[in-house]
Amino acid sequence: MFDEYHLFDGVKIITKNIPGKKSKELLSAQDKLESRNRSYPRGIPIAYESAKGAIIKDVDGNFFVDFFSGCGVLNFGYNNQDILKEISESTNFIMHALDFPTKIKIDFMRGLIESMPENLRGKYKISFGGPTGSDAVEAAIKLARINTGRHTIISFQGSYHGMTMGAMSVTSKLSHREKVNPLIPGVHFMPYSSCYRCAMSRNPKSCNFECVSYLKNALENPHSGIDKPAAIIIEPIQGEGGTYIPKKGWLEKVVEIARANGIIVIFDEVQAGFYRTGKLFSFEHTKAIPDIITMSKGVGGIGTPLSLILLRKELDKWEPGTHIGTFRGNQLGMAAGLSALKFIKKMKIEAYVSKMEKLFLNKLRAIQKSSKFIGEVRGRGMMFGVEYVKNATTKEPFPEMAKKIRKLCYENGLLVEIGGYYNNVVRFLPPLIISEKIALNGLGIFKTVNDLAGNRKH
Ligand SMILES: Cc1ncc(COP(=O)(O)O)c(C=O)c1O
């Protein structure tokens, strides 16, 4: 399936080195013009020329399989022709409409609400803000504070919620935070259900959710030192933290404790949402239900910047204009998001993602079996993490190996990224429409690269 959605049906590397000559020229021009702040081309030094589906062509004529999809934005591939065609035929929309109602906007909102699980439909409203995931997180924090009159927020170790000051305040990575502190006060980080690296030193098979007991104590012990929180913000699957999928039952238990303490529950679905795991929301794989949901990345259909929050109707108590932004009316994003919703149904994306999840996990686990340094393979839907460790028993992180793998991958035509608590997890977020042939091609390169990196047992 989806064979015709791609620029090319695999990898072609024609230059002796990556980056090739033309990529080098553009990278050097970029260096002169753009701030040191840029990051991705440092890890993957190529300049893009064109892209379609899961394939990127660089300016030197090399074709790469992209297992990263613009950091989980391009769920339906680059330049998805079905979505683009539908938008271009609809000449009847205005690019920018602030927050005035338009037909596209109403249709998009209806489409999104109708795509929600049946038991949640009709219970939420939508609020738009600036076009990034971070902005949705800002909106969610404000709304929770306004509704509760409290300010403290509970977040989790290993979390990533964005780079604006509020969003970064609930993001745990110290290297992001330490040079710009102080951030917003009153944020406390609790252990996530990242069982491979359990903060409570327990074994997930026999543990008794000690991390949840710790959270409960922090919220209920009169001597915890933590003011009663406004909200608890959770990634139902941690993305940047290294693709951590909580132990079954964890999310439900956390929500139960939050509810018992009158704390608003925010699920950050910016990365794991919009069908990345096969369902509209990644929390649909559990029984947990949030009060506020943040969305961005894939929701803009073709990579159009769009973000929003879904809020329970009873929380809609903020004054008009409490969270505004000039670009909150991105009509192109809404048109693309609406068209993507139709594409998802027509193409039965949920079933396809579930099939591809098995294919990826089977192959990755086979690679792990013959590997010296892969400690764990994790994945749900089309989100995967391969964690590199120096020693399977001590689990000492091996970030150098993850970096080496990323380099060997792009040199051999596969684009992957690195994340994880210790930058030791190679992460895949392939487009949901990657064809089986291209997926197998990419996974084959990943296997070869692991061998080349000296990661084979025998
Ligand atoms: C879970 C999550 N929340 C929020 C964000 C921030 O989104 P943005 O980079 O669009 O501000 C990200 C980005 O990776 C994310 O993964």
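Start with the open sheet: 4 strands in the order 11-12-15-14, with antiparallel pairing. Keep in mind that this is a predicted model.

**Stop 1: the sheet edges**

Select residues 374-380 for strand 11 and 417-419 for strand 14. These two strands stand at the edges. Each has a single partner strand, so one side of each is left without a neighbour in the sheet. Now look along the sheet. On average, neighbouring strands are turned by 25° against each other, direction ignored.

**Stop 2: strand 14 against strand 15**

Keep strand 14 and add residues 425-428, which are strand 15. The two run antiparallel and are joined by 3 bridges. Which residue of strand 15 is the bridge partner of Glu 417? Pick Arg 427.

**Stop 3: the helices across the sheet**

Select residues 349-369, helix 12. Helix 12 lies across strand 11 and strand 12, the latter being residues 383-388. Compare directions here: helix 12 runs at about 180° to strand 11.

Next, select residues 399-411, helix 13. Which strands does helix 13 lie across? They are strand 12, strand 14 and strand 15. The angle of helix 13 to strand 15 is about 40°. Strand 12 thus appears under both headings: helix 12 lies across it, and helix 13 does too.

**Stop 4: a helix pair**

Leave the sheet and select residues 103-115, helix 5, together with residues 331-346, helix 11. Two packed helices are described by the angle between their axes and the distance between the axes. In this pair the axes come within 9 Å and cross at roughly 40°. That angle makes helix 5 oblique to helix 11. The crossing is left-handed.

Show side chains at the contact:

- From helix 5, display Ile 104, Lys 105, Asp 107, Phe 108, Gly 111, Leu 112 and Ser 115.
- From helix 11, display Gln 331, Met 334, Ala 335, Gly 337, Leu 338 and Leu 341.

**Stop 5: the whole chain**

Clear the selection and zoom out. How many helices and strands are in the chain? There are 14 helices and 15 strands. The radius of gyration is 22 Å, close to the 23 Å that the globule rule gives for 458 residues, so the chain is as compact as a globular protein of that length. Rotate the C-alpha trace: along its principal axes the trace spans about 60 × 60 × 45 Å.

Colour by burial next. Buried residues make up 50% of the 458 residues. Finish with the contacts between residues at least 6 apart in sequence: 74% of them join residues at least 24 apart.

Methods:
Residues numbered from 1 in each chain as written. Predicted model: local features only at pLDDT ≥ 70, side-chain atom pairs only at ≥ 80, totals over all residues. Rg over C-alpha atoms; globule rule 2.2 N^0.38 Å. Buried ≥ 20, exposed ≤ 12 C-beta atoms within 10 Å, placed from the backbone. Contact = placed C-beta atoms within 7 Å. Pairing = 2+ DSSP bridges. Axes fitted to C-alpha atoms, helices over the stretch in contact; angles between N-to-C directions. Parallel < 35°, antiparallel > 145°, perpendicular 65-115°, else oblique. Left-handed = near helix turned anticlockwise from the far one by under 90°.
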